[in-house]
Each structure stands twice: as structure tokens, then as C-alpha cells.
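Visitor: Hi! I'm new to this one and would like a close look at a single spot before wandering any further.

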Amino acid sequence: MTKRCPLTTSSGAPVAHDNQSRTAGARGPVTFDNHYLFEKLAHFNRERIPERVVHARGSAAYGTFTLTKSLSDYTIADFLQTEGQQTPVFLRFSTVGGGQDSSDYARDPRGFAVKFYTQQGNWDMVGNNTPVFFLRDGIKFPDFIHSQKKNPRTNLPDPQAVYEFWANNPQSLHQATILMSDRGIPASYRHVNGYSSHTLSFWNDNGERYWVKWHFKTNQGIQTLTNEEAATKPAFGAQQDLVESIDKGDFPSWTVKVQIMTEAQAQDYYINPFDVTKVWPHSDFPLIEIGQLELNRNVDNFFAENEQAAFAPSNLVPGIGASPDRMLQARLIAYQDAQRYRMGANYNQIPVNAPRCPVHHYQRDGAFAGINPAVAGSGANFYPNDRAEQGAPAEVPDVAEPPMPLEQDAWLGIHDNRDDDNFSQAGDLFRLMSPCQKGQLVHNIAAGLHQCTDDVQQRMLAQYEQADPQYAAMVKQAIATYEK
Ligand code: NDP
Ligand code: HEM
């Protein structure tokens, strides 16, 4: 018989009894010296950390990114230099609005967050399965999320709030059209594309900057479900699909592509290249294939690796930067703030978040300092200092991002861009759909919109009309079927 390892307390002492508490006599009460019982109950009470305020439900796996085309002309990013170079990655898929125990099959964007563990730090590409977003200013994000989550009184889905927000914010129309289209409910996480959605940047060793959008195209093909099909699926189906595919060696993969725009092109492009409600049409900026991303290892502990994963758009590496996208700037602040709240100041020492390269800084202490002893730091704790001989770290001026010119007439104040062409690209998407896809789109819209006030319906119809008159006519007809 295999000899079992000893059961211990969390401080390592062998435990004699784990089925009975110590009691005063056979029928008497538990006594106050039951420290092992107290340890178990106290730890149990602390098993939860706050779930993510959005993207609470998700599934993740490890894998590899293989570069197939060098990007050294565009960027100094260390992991994008040599064809064949491989970088370990961690990818978390998610739904957005539901809590941790909600369904994998909600009509909702899917988060597509990739952590690249590069030799110059972690780069997080925190995107979605959609190339655009509902908003172009982060100041609206909390209102938007409130309107899409459950009603604060009934705790039930609230279609009136969903469409009332959209009726008041026509900038959401493009993304809302994608959401209501046949692609709004992916059949699994393996069958989605991923997009940076935002414009990010590259810079090279000549100090030249390029604007970049990232696309991860699923090699499994897009597969989707109708509302009716989704309703028959178990809530955990996408998690199960991902775990089982990887466990049996059927590794999902994505072809990685970028669109690249020069700073000069950006200056007079007819679309604001930093507006995340818009794509760059492929005909103007073709996709350039640069690599393959494969997922090939499941997590060992869902909580430690999935729940404690901390992705942040501010996790950038030399050669990859942000852009003037005002939504992106709001995100550069929001994520690390959320993660300090969820996991404490030292969340980057948790193994799933810890860089796979040396880390040297002057940050010290805080809850759980030393989870990763290499980072806790016993040397100099201030900078500048005279301690180079003792290995004290110093700045690396070579990796400075080139300066970014502002518009010549830039003035500080409120620049209202709410009406910056909210309709053309929603119309472009509608027009490229087949009759069957258009039918599904308006069916999905009407399922929610018919429950809204007449005023909200009319304002939404006015938006569809501006995207394409046929779009409005078809939605109107679909709503009418509920009134018969
Ligand atoms: P293209 O004809 O070159 O590309 C159309 C794109 O639309 C393809 O990438 C296709 O994806 C995608 N698509 C098809 N159906 C849907 C859907 N229901 N939801 C989301 N995407 C879908 O056109 P343009 O580049 O000129 O763009 C036209 C419209 O296509 C845009 O307004 C935008 O809505 C959409 N789109 C554009 C993208 C871009 O980066 N330019 C990216 C994704 C969508 P696939 O190749 O996977 O079939
Ligand atoms: C998660 C805020 C816009 C994609 C989160 C989290 C916050 C947040 C606080 C939880 C982070 C955590 O607790 O670890 C915001 C704000 C936004 C915004 C303030 C707008 C200003 C976007 C956009 C995208 C996006 C535009 C995609 C293009 C994601 C993804 C996650 C996430 C994928 C989940 C990451 C994971 O798997 O852990 N967001 N978000 N968000 N967000 Fe956003």
C-alpha cells in the first residue's frame, strides 16, 4: 500500500485528528483549545477575494507565441526580433457582464487577454473578440456597465436599461451591431478571434513610431450559437470545451496579424485612428501575418492562476506603447487599481503574474511581500544611490519611448466627440452581412428592444436608419412581430 504523506496544519505540524473536534466528554461541547478547528474555519472564511467587477467569469490556459516574421524594422520589442523566436503566454477568455457563476453562453463580448512573458517584462494585450468597443471615452465606462448588468432593485436582466443607454449613446451602435449579430454568442472560446481593439504603438531603434492594431484569427474557424441553441447549453460549457481540448492534445491556435500605420498617415487619415469605436478598413491597412499563438497547457489550480491573474493594458514593454486613444488612457489607470484591491499591493509576485525575467526595483514591503523572494529585495531601498557595486539597479535610458508631438493647436478642455461619425462603419458591417445574417441580427435586436419604451425604440430606429435604411426597416418589422 502506498504510504500517504502526513496531513499538516498550514504551519506544517502533523495533524492527529481531522474528523473530530476535541470535546469535553462524549456528549459535551467543543473546547476553546481546538486551534486546528479554528484554523480550518478561519481560512475557509477567507477563501474568496473580490471577483473582477467586469469579466468575472473566465477560463485560461498557457501556451506559446511563435514569431514568423521579424518586426525589427518597426519595434525594439525583444520578443518580436527573430523569426522562430518563442515566447510563453497565458491567455484568459471571459464574458463581461455576468458574475463568476454566470453562463459561458451569454450574448456578450468575449474578453481575450494575453500575457506575453517576454525577457523584458510582461506585455499584456488585454483585448476582446471584437475589433471595436461601445465607447470612445472612459468616463462613460461605469455608466455603461451599470446599464448592461442586472437591475439594482430586481437583480434581473433589464433590456430597458440596456437600450436606454444605447439610445443616449449612438457611439455604441457599431459594437452593438456586432454584439447582436450572429457572432454575438461564440460556440466556444476556441472559436473566437481576438483583437487589441485599441491602437497601440511600436517604436524602433531610430526612434520612429508606428501605430498598430493587433488581430488574432482563430485557426479553428468562427463558430457561433443562436439564442435558442445557447439556451440549451450548460453554463460551464466553454470552460469544459477548453480544458478537455487541451487535455487531449487538441491544442487551439490563432494566426497573429497586425495592421501598421505611420505617424504621417495618421495625421491626415479620414478616420480618427485613435477612436476605438472604429476599425481601420483592411483595404487601407492590410493585415500583416507575424506569428502563431498556441494554447497547450491547462492551469493546475483555477483560483491561483485564473482568479489571481492580473492583466493590465499598462503592462507594456520597451518597443510597445500606448496611443492617444482616450479610452486606453482610462484603462492604463483602472486595471492595476482593481488588482491592488482584489489581491493587494504585491499581486505581481503571484506566480501567474510574475515576470519570467529578472525583476529589480525599489518597491518594498506590503501584504505578502516575498511571495517571490527574488523580488522582495534585501538590498538598497532608495534611488539614486552609490551602490552599483552591490548590484543596485539603475535606469535604462536606451528604452525611452520617443517623444510624442501634440496637435499644434492643442488646448486643454472638453472636446466633445460624441457625434464623430457613429454610423458609417455600423452600416458597412450591416451591408457585408448575408440576408440570413441580417435576419439573425434584427431578430436578436428585437428580442430585447420590443420590451423597451416607445421613445427608446424610436431613438434606436433613428440610429439604425442612419447606418442603413434597410437596417431600420428590418428592425421595425422584427419588433412588429411581437405586437401581433
Ligand atoms: P472587409 O470586408 O475587409 O472585412 C470584413 C470583416 O468583417 C472581416 O474581418 C470579417 O471577419 C468581419 N465580419 C464578418 N461578419 C462579422 C460580424 N458579424 N461581426 C464582426 N465581424 C464580422 O471590410 P472592412 O475592413 O472595410 O470593414 C468593414 C466592416 O467589417 C467594419 O465596419 C467592421 O464592422 C467589420 N470588421 C472589420 C475589421 C477590420 O479590422 N477592418 C475587423 C473585423 C470586423 P472574418 O475575416 O473573421 O470573417
Ligand atoms: C477587465 C476596466 C474597457 C477588456 C477589466 C477590469 C476592470 C476593467 C476594472 C477588471 C480587472 C481585474 O480586476 O483584474 C475597464 C475600463 C474600461 C475598460 C475602466 C474603459 C475605460 C475595456 C476594453 C476592453 C476591455 C475597451 C477590450 C478592448 C477587458 C478584459 C478584461 C477586463 C479582456 C478581463 C481581463 C482578465 O481576463 O482578467 N476591465 N475596462 N476592457 N477588461 Fe476592461
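Visitor: Could we zoom in on one ring, then: is Tyr464 buried or exposed, and what is its relative accessible area?

Guide: Tyr464 is tucked away: its relative accessible area is 3%, so it counts as buried. The cut-offs are simple: under 20% is buried, over 50% is exposed, and anything in between is partly exposed, with a 1.4 Å probe and protein chains only. Before we go on, keep in mind that this is a predicted model, where local features need pLDDT of at least 70 and side-chain atom pairs need 80 or more, while totals for chains, interfaces and linings take in all residues; side-chain values rest on heavy atoms, without hydrogens or water. Residue numbers run from 1 along each chain as written, while chains are lettered from A and ligands numbered from 1 in the order they are written.

Now, on to rings in general. The model holds 31 aromatic pairs, meaning Phe, Tyr or Trp rings (for Trp, the six-membered one) with centres within 6.5 Å, called stacked when the planes are under 30 degrees apart, edge-to-face when over 60, and tilted otherwise. Take Phe202 and Trp214: their ring centres are 5.9 Å apart and their planes meet at 85°, so this pair is edge-to-face. Phe202 belongs to strand β6 (residues 200-203) and Trp214 to strand β7 (residues 209-218), so the pair ties together parts that are twelve residues apart in sequence. Strands here are DSSP E runs of at least two residues and helices are H or I runs of at least four, counted from the N terminus. Both Phe202 and Trp214 are buried.

Back to your ring. Tyr464 forms an aromatic pair with Tyr471, and this one is tilted: 4.6 Å from centre to centre, with 35° between the planes. Tyr471 is buried too, at a relative accessible area of 0%. If you like rings in company, look for a cluster linked by ring pairs; its members include Phe65, Phe79, Phe93, Trp123, Tyr189 and Trp254. Phe202 and Trp214, the pair we just met, are in that cluster as well.

Another tyrosine to pick out is Tyr335, which lies in helix α9. Its OH is the only protein donor of the iron atom of ligand 2, at 1.8 Å. (Donors are N, O and S atoms within 2.8 Å of the metal, or 3.2 Å for Na, K and Ca; water is absent, so a site may look incomplete.) Tyr335 is also among the closest of the 24 residues surrounding ligand 2, along with Arg52, Arg92, Gln339 and Arg342; to be counted, a residue needs a heavy atom within 4 Å. Helix α9 (326-343) is joined by β3 (110-118) and β4 (121-128) in supplying at least two residues each to that shell. With eight residues, α9 gives the most.

Several arginines reach ligand 2 through polar contacts, that is, N or O pairs within 3.5 Å. Side-chain N or O atoms of Arg52 and an oxygen of ligand 2 come to 2.8 Å. For Arg342 and an oxygen of the ligand the distance is 2.7 Å. Arg331 puts a polar side-chain atom 3.3 Å from a nitrogen of ligand 2.

Swing over to ligand 1 and you'll find 19 residues around it, with His174, Ser181, Arg183, Trp280 and His282 coming nearest. Ser181 has a side-chain N or O atom 3.0 Å from a nitrogen of ligand 1. For Asp182, the distance to a nitrogen of this ligand is 3.5 Å. Lys217 meets an oxygen of ligand 1 instead, at 3.1 Å.

To finish, here are some loops. Between α9 and α10 sits Asp365, which has a positive phi of about 70° although it isn't a glycine. Asp365 is exposed at 59% relative accessibility. Phe368, in the loop between α9 and α10, also has a positive phi, about 60°, again without being a glycine. Unlike the buried Tyr464, Phe368 is exposed, with a relative accessible area of 62%.

The loop between α10 (373-376) and α11 (424-432) is home to Pro384. The peptide bond leading into it from Tyr383 is cis, with omega near 0°. Gly413 lies in the loop between α10 and α11 too, and at 43% relative accessibility it is partly exposed. Phe44 is 369 residues from Gly413 in sequence, and their C-alpha atoms are 50 Å apart in space.

Key
Polar contact = N/O pair within 3.5 Å; in protein donor to acceptor, adjacent residues only side chain to side chain.
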